Amino acid sequence: MKKFSELNEQEILALAITLEEEDERIYADFAAALRDDFPATEAVLKGMGAEETVHRQRLTELFRKKFGEHIPLLRRQDVKGFVQRRPLWLVRPLGLDAVRRFTADMELETRQFYEKAAARTADPEIRRLLDDLAQAERRHELNAERLSDKYLNPDARAVEAAAQRRLYALQIIQPGLAGLMDGSVSTLAPVFAAAAATHDSWQAFLVGLAASLGAGISMGFAEALSDDGSVTGRGHPWVRGLVCGLMTTLGGIGHTLPFLIGNYRAALMAALVVVALELAAITWVRSRFMNTPIVSAALQVVLGGVLVFLTGLLIGNA
């Protein structure tokens with residue numbers, strides 16, 4: 001690995017060509033990944049990639065003029081001082097905010113490279129081109145805004161905003177809601193069965209805690225292993241699993257904590273109030289994010305909760 005200060009003018013140009021080619025391909029990968037859900041942003045990224053193509057062509061022409069046809073392979077990982085890029089372009093699905101942050105950092109790094117390279121170059125023609133490219137990288141933000149104004153009109157922005165909300169619901173809300181429903185409803189039976197059978201708040205708390213943690217672990221792994229998200233677009237499996245597992249545990253813990261109250265009847269009444277609040281929260285989430293009519297969501301959630309609750313009481317009193 002060479003130090004940047006050790007590069008000669010031929011190597012600086014060769015490295016610049018490789019960097020522009022890499023940036024060009026990253027823009028193309030981002031555009032391809034966002035094509036289906038964010039077509040307007042795809043057009044912006046293609047425009048930015050086209051500018052990188054022009055930069056690479058100018059560098060290649062000057063290199064061949066100065067040093068001949070053969071361009072040595074010199075990459076960012078061959079030179080000390082470059083930040084190792086996380087391959088965000090391989091992640092599926094991609095988030096718009098992550099892509100915008102990545103491309104902004106990418107342009108800043110490239111501009112700084114051209115400024116430092118121009119300062120180390122003695123050849124006036126090479127220095128002039130590197131200065132021009134540094135200025136071009138500064139203008140990229142303005143060009144991005146120009147392309148955004150061209151392609152991201154109000155209708156396109158509305159379509160992409162809707163797509164982003166849909167992906168958020170698919171990747172975060174849906175697994176979280178599934179976990180919350182499972183934790184809030186399925187753990188009702190063991191908790192209230194233990195409470196009815198023992199009339200002991202502490203025993204009911206232990207059963208509820210075990211059921212909540214066990215259900216959270218089980219649901220988390222089940223969600224994470226259900227699919228890898230590459231086909232369904234449901235996001236990273238372990239993120240979904242973590243969200244689902246945490247919400248499952250939270251749903252069960254909610255009506256378990258009241259049994260820390262020493263008085264059995266007071267604990268039971270408090271737990272019932274918490275259950276009502278949990279079911280109301282699930283109903284609101286289903287109505288707000290899953291477009292389920294509020295009455296239909298309430299009937300479905302309450303019916304399931306009542307059936308599981310009665311099951312627990314019947315078993316506990318057997």
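## Talking through a predicted helical model

Ala16 is found in helix α1, and this conversation about a predicted model starts from there.

Colleague: Happy to dig in with you! Is Ala16 buried or exposed?

Modeller: Good place to begin. Residues under 20% relative accessible area count as buried. Ala16 therefore falls in that class, as its relative accessibility is 0%.

Colleague: Which residues does Ala16 touch, not counting those up to four places away in sequence?

Modeller: One partner is Leu59, 43 residues from Ala16 in sequence and 7.4 Å away in space, C-alpha to C-alpha. Leaving out residues up to four places away, the list for Ala16 is Leu59, Phe113 and Tyr114.

Colleague: Let's follow Tyr114, then. Why does Tyr114 count as buried?

Modeller: Tyr114 is in helix α3, which covers residues 96-119. The cut-off for buried is under 20% relative accessible area. Tyr114 counts as buried because its relative accessible area is 0%.

Colleague: And with which side chain does the side chain of Tyr114 make a polar contact?

Modeller: Beyond four places in sequence, Tyr114 is in contact with Ala16, Glu20, Leu59, Leu130, Leu133, Ala134 and Glu137. The polar contact between side chains, at 2.5 Å, is with Glu20.

Colleague: How far apart are the C-alpha atoms of Tyr114 and Leu129?

Modeller: Along the chain, Tyr114 and Leu129 are 15 residues apart. In space, their C-alpha atoms are separated by 9.2 Å.

Colleague: Now for the rings. What is the angle between the planes of Phe113 and Tyr114?

Modeller: Searching the whole structure gives 7 aromatic pairs. Phe113 and Tyr114 form one that is tilted, with 5.3 Å centre to centre and an angle between the planes of 55°.

Colleague: Which residues do ring pairs link into a cluster?

Modeller: Phe113 and Tyr114 are both buried. Phe4 belongs to the cluster too, and Arg120 lies over the face of Phe4, at 5.8 Å from the ring centre. The cluster linked by ring pairs is Phe4, Phe113 and Tyr114.

Colleague: What kind of aromatic pair do Phe192 and Phe259 form?

Modeller: The ring centres of Phe192 and Phe259 are 6.0 Å apart. Planes over 60 degrees apart count as edge-to-face. With 75° between the planes, the pair of Phe192 and Phe259 is edge-to-face.

Colleague: Where in the chain do Phe192 and Phe259 sit?

Modeller: This pair links distant parts of the chain, 67 residues apart. Both Phe192 and Phe259 are buried. Phe192 is in helix α6 (residues 188-198), and Phe259 is in the loop between α8 (237-254) and α9 (264-289).

Colleague: How many of the residues of α6 are buried?

Modeller: Helix α6 is mostly covered. Among its buried residues are Leu188, Val191 and Phe192. The count for α6 is 8 of its 11 residues.

Colleague: Which residue just after α6 takes a positive phi?

Modeller: Most residues other than glycine have a negative phi. The residue in question is in the loop between α6 and α7, and it has a positive phi of about 55° although it is not a glycine. It is partly exposed, with a relative accessible area of 49%. Just after α6, the residue with that phi is His199.

Colleague: What is the distance between the C-alpha atoms of Ser218 and Gly245?

Modeller: Ser218 belongs to helix α7 (residues 201-226) and is partly exposed, with a relative accessible area of 47%. Gly245 is 27 residues from Ser218 along the chain, and their C-alpha atoms are separated by 7.4 Å.

Colleague: How far apart are the end C-alpha atoms over residues 202-226?

Modeller: In an unreviewed UniProt entry, these residues are among those given as "transmembrane region". Over residues 202-226 the chain is 100% helix and 0% strand, and its end C-alpha atoms are 36 Å apart.

Colleague: Zooming out, how many helices does the protein have?

Modeller: Buried residues make up 44% of its 318 residues. Among contacts between residues at least 6 apart in sequence, 75% join residues at least 24 apart. The protein has 0 strands, and its number of helices is 10.

Colleague: Last one: in which helix is confidence lowest?

Modeller: The protein averages a pLDDT of 82, and 85% of the residues score at least 70. Confidence is highest in helix α1 (residues 9-34), at a mean of 92. The lowest mean, 70, belongs to residues 154-186, helix α5.

How values were computed
Residues are numbered from 1 along each chain as its sequence is written. This is a predicted model: local features need pLDDT of at least 70, side-chain atom pairs count only at pLDDT 80 or more; totals for chains, interfaces and linings use all residues. Side-chain values use heavy atoms; hydrogens and water are left out. pLDDT is the predictor's confidence in each residue, from 0 to 100. Helices (H or I, at least four residues) and strands (E, at least two) are DSSP runs, numbered from the N terminus. Buried means under 20% relative accessible area, exposed over 50%, partly exposed in between (1.4 Å probe, protein chains only). Contact means heavy atoms within 4.5 Å. A polar contact is a pair of N or O atoms within 3.5 Å; within protein, one must be able to donate a hydrogen and the other to accept it, and residues adjacent in sequence count only if both atoms are side-chain atoms. Rings of Phe, Tyr and Trp (its six-membered ring) pair if their centres lie within 6.5 Å; planes under 30 degrees apart count as stacked, over 60 as edge-to-face and the rest as tilted. A charge sits over a ring if NZ of Lys or CZ of Arg is within 6 Å of the ring centre and within 35 degrees of the ring normal. UniProt positions are given in the numbering used here, feature names are shortened, and annotations may be inferred rather than shown by experiment.
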